[in-house]
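Colleague: Could you walk me through the charged pairs and odd backbone spots in this protein? I'd love to hear it at the bench level.

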Amino acid sequence: MTQMRALYDNLIARGEIRPDPAQEAVIPEFDRIGEGLRAPPVKRGLFRRAAPPPAPRGLYLWGGVGRGKSMLMDLFVDSLDGIPARRVHFHAFMQEIHSGMHEARRAGVEDSLAPVVAKVVEEVKLLAFDEMQITDITDAMIVGRLFEALFAAGVVVVTTSNRVPDDLYKNGLNRQLFLPFIALIKEQMEVWEMVSPVDYRQDRLKGSQVYFSPAGAEAGARIRAIWEDLSGGGPAQPLTLEVKGREVVVPAYRNGVGRASFYDLCGRMLGPGDYLALAEGVKVLILEDIPRLSRNNFNEARRFVTLIDALYEARVRLICSAAAEPEMLYVEGEGTFEFERTASRLREMQDKDWGGTA
């Protein structure tokens with residue numbers, strides 16, 4: 001039995017997951033990569049230094065939300081004892097790449113990508129990306145060169161995604177320049193669709209309370225428990241989305257679940273485009289401490305309405321704590337009539353069968 005299979009069976013034995021044929025079917029792909037990473041150097045003759053073994057093909061694991069893709073990838077990384085590997089959200093990684101390139105340009109480096117790639121290659125043999133999706137043109141224009149350099153240096157890439165490779169950066173500006181990257185993925189990585197009829201993330205939420213009022217210590221404790229369950233309890237990282245030069249930051253993100261306060265997302269001057277990017281970047285949003293809304297915080301209220309519209313249209317599951325029930329959040333001042341639709345949507349989004357169908 002492989003180490004990854006043992007880890008998977010241990011989760012079943014502890015009652016943390018249920019056996020799933022779709023999950024079990026992809027485990028040999030992870031085993032293939034693990035065996036390739038552990039392969040000994042190739043001997044080349046008596047007086048020649050042994051060469052590194054050829055890097056195994058990576059894995060592009062795609063499918064619907066809540067099917068266990070991220071959980072399997074985490075198990076795989078945990079099984080790689082002693083092999084330098086890094087598990088990171090794709091957006092966070094790309095932000096690091098852009099930041100590194102900016103520093104290189106400031107230092108006068110002609111090819112600003114080269115030192116950034118060299119640093120990654122020095123640190124890891126495997127990169128495990130969660131939620132590969134490309135919506136920003138600045139990402140789209142460099143991923144081809146970036147991944148080509150990583151593959152050439154023998155770095156293996158494993159990634160999860162909700163999209164088939166051909167749908168990456170769909171309808172994006174100058175997409176024809178992006179198409180070679182899709183071809184590179186198919187050449188260097190095994191593309192595997194994980195087909196399962198069960199959405200475990202939604203299954204865990206079915207019948208559970210997702211709107212907590214009033215906000216306070218009790219609501220906070222219950223939301224923390226939901227966060228621990230859905231995120232897997234591991235360390236969270238901020239999720240930073242760059243939209244037309246602005247940064248939209250979700251302070252905590254893991255396994256497709258974002259967690260932020262009302263003022264993190266509605267206290268800043270963000271607009272519809274920012275919230276659309278956010279709705280595409282998370283599958284579940286935990287939003288805490290929604291206050292009562294009125295003419296005193298009209299701008300924040302207006303942004304909240306826009307945020308809920310974006311989440312609603314994208315079928316993002318919302319879990320929140322608020323000062324009052326939806327119908328009593330906004331009871332006086334300009335905008336109360338328009339807020340009736342938002343209150344209705346907040347009610348609808350609490351239904352146990354809502355969400356996860358996009």
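**Salt bridges and surface**

Modeller: Let's start with Asp74, which is buried at a relative accessible area of 12%; buried means under 20% relative accessible area, exposed over 50%, and partly exposed in between, using a 1.4 Å probe and protein chains only. This is a predicted model, where local features need pLDDT of at least 70, side-chain atom pairs count only at pLDDT 80 or more, and totals for chains, interfaces and linings use all residues. Residues are numbered from 1 along each chain as its sequence is written, and side-chain values use heavy atoms, leaving out hydrogens and water.

Colleague: Thanks! Which residue meets the side chain of Asp74 in a salt bridge?

Modeller: Side chains of opposite charge can pair when their charged atoms come close. A salt bridge here is a side-chain nitrogen of Lys or Arg within 4 Å of a carboxyl oxygen of Asp or Glu. For Asp74, the N to O distance is 3.2 Å, and the partner is Arg254.

Colleague: How many residues apart are Arg254 and Asp74?

Modeller: Helices (H or I, at least four residues) and strands (E, at least two) are DSSP runs, numbered from the N terminus. Arg254 sits in strand β8 and Asp74 in helix α3, so to place them we use those runs. The pair links distant parts of the chain, and the separation is 180 residues.

Colleague: And Arg341, is that residue buried or partly exposed?

Modeller: Arg341 forms a salt bridge with Asp309, with the closest N and O atoms 2.7 Å apart. Arg341 belongs to helix α14 and Asp309 to helix α13. While Asp309 counts as buried at 17% relative accessibility, Arg341 has a relative accessible area of 45%, which means it is partly exposed.

Colleague: Where is Asn171, the residue with a positive phi although it is not a glycine?

Modeller: The phi of Asn171 is about 65°. Asn171 counts as exposed because its relative accessibility is 74%. Its place is the loop between β4 and α8.

Colleague: What is the relative accessibility of Arg315?

Modeller: Arg315 also is not a glycine, yet has a positive phi of about 60°. Arg315 is found in the loop between α13 and β11. It counts as partly exposed, because its relative accessibility is 24%.

Colleague: One last thing: which peptide bond is cis, with omega near 0°?

Modeller: Look at the loop between β6 (211–212) and α10 (217–231), where Pro214 lies. The cis bond runs from Ser213 to Pro214.
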